[in-house]
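Work through the exercises below with the structure open beside the text. Try each task before reading its solution.

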Amino acid sequence: MPAADTPFAYAILRIVPRVDRGEQVNVGVVVYCRQCDFLDLRTEVDERRLAALAPDLDAAAVRASLEAIRAVVCGEPAGGALAALPPSERFGWLVAPASTIIQPSQVHTGLTQDPRATLDHLFGALVATAV
């Protein structure tokens, strides 16, 4: 861990069931810190919120897509060729604008001394629904 504040970048992963309505549900956060060699994400699908926006959307399919994204982030073989890329390129791929049902927010930046704790904090503040 760095002793001083280190720059990091993050994006929120969102489910956008119908682009024409502009509604979305936050389902994850991905954090990248080059200096700490850190790239990771946390996800959670709130099926009640998702069903309120898109009753016909298959939550299991959403979870499977998020699992595929996790495999890329973690550099696992199941992530295919993208998972073999360096972390900076995997992050770039994940935060590129997409027209799929899972879309990243714009990239945000900050400073951290502990990327894992920052990921946990951002996840709790932006995604987690448990009270």
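**Exercise 1.** In this predicted model, find how far apart the mean positions of the positive and negative charges of the protein chain are.

*Solution.* Step 1: count the charges. The protein chain has 11 positive and 15 negative charges. Step 2: take the mean position of each group and compare the two. They are 3 Å apart.

**Exercise 2.** State how many helices and strands the protein chain has, and give their order.

*Solution.* Step 1: count the elements. There are five helices and five strands. Step 2: read from the N terminus. The order is β-β-β-α-α-α-α-β-β-α.

**Exercise 3.** Decide whether the radius of gyration of the protein chain agrees or disagrees with that of a compact globule.

*Solution.* Step 1: find the expected value. For 131 residues, a compact globule would have a radius of gyration near 14 Å. Step 2: compare. The protein chain has 15 Å, so the two agree. Step 3: add the extent along the principal axes. The C-alpha trace spans about 45 × 35 × 25 Å.

**Exercise 4.** Describe burial, surface and contacts for the protein chain.

*Solution.* Step 1: burial. Of the 131 residues, 39% count as buried. Step 2: surface. The accessible surface is about 7,200 Å², and carbon and sulfur atoms hold 52% of this area. Step 3: contacts. Among contacts with a separation of 6 or more, 62% join residues that lie 24 or more positions apart.

**Exercise 5.** How many disulfides are there, and why is C33 not bonded to C36?

*Solution.* Step 1: recall the cut-off. A disulfide needs two cysteine sulfur atoms within 2.5 Å. Step 2: test C33. Its closest cysteine sulfur is in C36, at 3.5 Å, and this is too far for a bond. Step 3: test C74. The nearest cysteine sulfur to that of C74 belongs to C33 and is 16 Å away, and C74 is in no disulfide. Step 4: give the total, which is zero disulfides.

**Exercise 6.** Are C33, C74 and D37 buried, partly exposed or exposed?

*Solution.* Step 1: recall the cut-offs. Buried means under 20% relative accessible area and exposed means over 50%, with partly exposed in between. Step 2: C33 has 0%, so C33 is buried. Step 3: C74 has 36%, so C74 is partly exposed. Step 4: D37 has 62%, so D37 is exposed.

**Exercise 7.** Where is D37 placed, and what is the sign of its phi angle?

*Solution.* Step 1: locate the residue. D37 sits in the loop between β2 (25-33) and β3 (38-43). Step 2: read phi. The angle of D37 is near 50°, a positive value in a residue other than glycine.

Conventions
Residues are numbered from 1 along each chain as its sequence is written. This is a predicted model: local features need pLDDT of at least 70, side-chain atom pairs count only at pLDDT 80 or more; totals for chains, interfaces and linings use all residues. Side-chain values use heavy atoms; hydrogens and water are left out. Helices (H or I, at least four residues) and strands (E, at least two) are DSSP runs, numbered from the N terminus. The radius of gyration is taken over C-alpha atoms; the globule rule is 2.2 Å times the number of residues to the power 0.38. Buried means under 20% relative accessible area, exposed over 50%, partly exposed in between (1.4 Å probe, protein chains only). Contact means heavy atoms within 4.5 Å. Accessible areas come from the Shrake-Rupley method with a 1.4 Å probe; for residues, only the protein chains shown count as cover. Lys and Arg count as positive and Asp and Glu as negative; His and the chain ends are not counted. The place of a charge is taken as NZ of Lys, CZ of Arg, CG of Asp or CD of Glu.
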